[in-house]
Amino acid sequence: MNLARFPRIRLGHLPTPLEPMENLSRHLAGEMTAPGGGPNLWVKRDDCTGLSTGGNKTRKLEYLMADAMAQGADTVITQGATQSNHARQTAAAAAKLNLACHILLEDRTGYTDPAYTQSANVMMDKLHGATVSRRPGGADMAAEMETLAGTLRAEGRRPYVIPGGGSNPTGALGYVGCALELVAQAAEMGLRIDHVVHATGSAGTQAGLVAGLVGLNSAIPVLGIGVRAPREKQEANVLALATRTADHLGLPAGTVRAEHVVANCDYVGQGYGIPTQGMVDAVKLVAEKEGLLLDPVYSGKGMAGLIDLVRRGHFKAGENVVFIHTGGAVGLFGYPDAFDLPADAAA
């Protein structure tokens, strides 16, 4: 897999660290009733990619923005939920490359608290100079972006449309690169990776990881913890995009198969972006045990799934499980009431 043949603009601080989560591993092992303890947990710090507080979308944007520039674009358009990490990083990338940026935000939660609708990621979208407009929940966001693109073209602009999450074969190349990076890091450290786990939503991160790890013949399984769609739909979306990504890479037909794509969507709760007790507990536990901040929508629910699966004995004692931290901690400021934190201590 020769990624160098695809246009790329360097936007991230790469490679991101691969670190052990020793305190969390010990804590969960101490809860195990079966002999032998639990797995060894690791974290791939894609929250440290650097672009506007970092996150997984930066890897995708390196290829998407390169494609936009190659096509002579002067404007980018993208969409996401109100507290979209993808929107924030796209706005930052556009600012860095002197491109105009239009963001369409879909109301997927119905929340009206100003902390949610105006703070955190939304505030940063605007700080980066993006134009933000809103759409109701259930809107056809792809059609909405194309309508806006048509309006801009009529005004003489040259827009480039980026799908939600940056999830198409061009964007997924970023996580093919992450797969190569992860395998190289593990080899350097002498680490045998038994499982990769991450939050999966728009499918691009999981599709890229699957295409990359399968293309390398790594035998490392990827488990996506769903944050939005039911399992059947999520797995179908990931498989379709992973297959297209493999084709884009020029891998032999049939390289990616259905058995390579696994999603567990038991931790979504009431819906996308709506807090669950498991997410709240996971965010608090990881913050207290590892000094590591997760986000309420993606990595928090992904970690909630990982922790529950460890407690259920899904992973064998001594296995090395790598959690891909997709970033987004700035989103915590959009959910100030979700965590019921203690009052200040008396002086």
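This is a short walk through the two domains of a predicted model and the charged side chains that pair within it. Because the model is predicted, local features need pLDDT of at least 70 and side-chain atom pairs count only at pLDDT 80 or more, while totals for chains, interfaces and linings use all residues. Residues are numbered from 1 along each chain as its sequence is written, and side-chain values use heavy atoms, with hydrogens and water left out.

Let's start with the overall layout. The chain is divided into domain 1 (18-54 + 168-334) and domain 2 (69-162), with bounds that come from an automatic or database domain assignment. Their C-alpha centres lie 26 Å apart. Contact here means heavy atoms within 4.5 Å, and 18 residues of domain 1 touch 18 residues of domain 2 in this sense. About 1,400 Å² is buried between domain 1 and domain 2, 55% of it from carbon and sulfur atoms; buried area is the accessible area (1.4 Å probe) that two parts lose on being put together, summed over both. On the domain 1 side, L51, S52 and Y272 lose the most area to domain 2, together 35% of what that side buries.

What about salt bridges, each a side-chain nitrogen of Lys or Arg within 4 Å of a carboxyl oxygen of Asp or Glu? The rule finds 0 across the interface of domain 1 and domain 2, while the overall count comes to 16.

One of these salt bridges joins the side chains of E62 and R8 at 2.8 Å, N to O. E62 lies in helix α2 (residues 57-70) and R8 in the segment before β1 (18-20), so the pair ties together parts that are 54 residues apart in sequence. Helices (H or I, at least four residues) and strands (E, at least two) are DSSP runs, numbered from the N terminus. E62 counts as buried at 2% relative accessibility, whereas R8 is partly exposed at 31%; buried means under 20% relative accessible area, exposed over 50%, and partly exposed in between (1.4 Å probe, protein chains only).

Next comes R59, which forms a salt bridge with D46, the closest N and O atoms being 2.7 Å apart. R59 lies in helix α2 and D46 in the loop between β2 and α2, so this pair ties together parts 13 residues apart in sequence. Both R59 and D46 are buried. Salt bridges that share partners join K44, D46, R59 and E181 into one network. Its member E181 lies in helix α7 (residues 169-189) and, at 14% relative accessibility, counts as buried.
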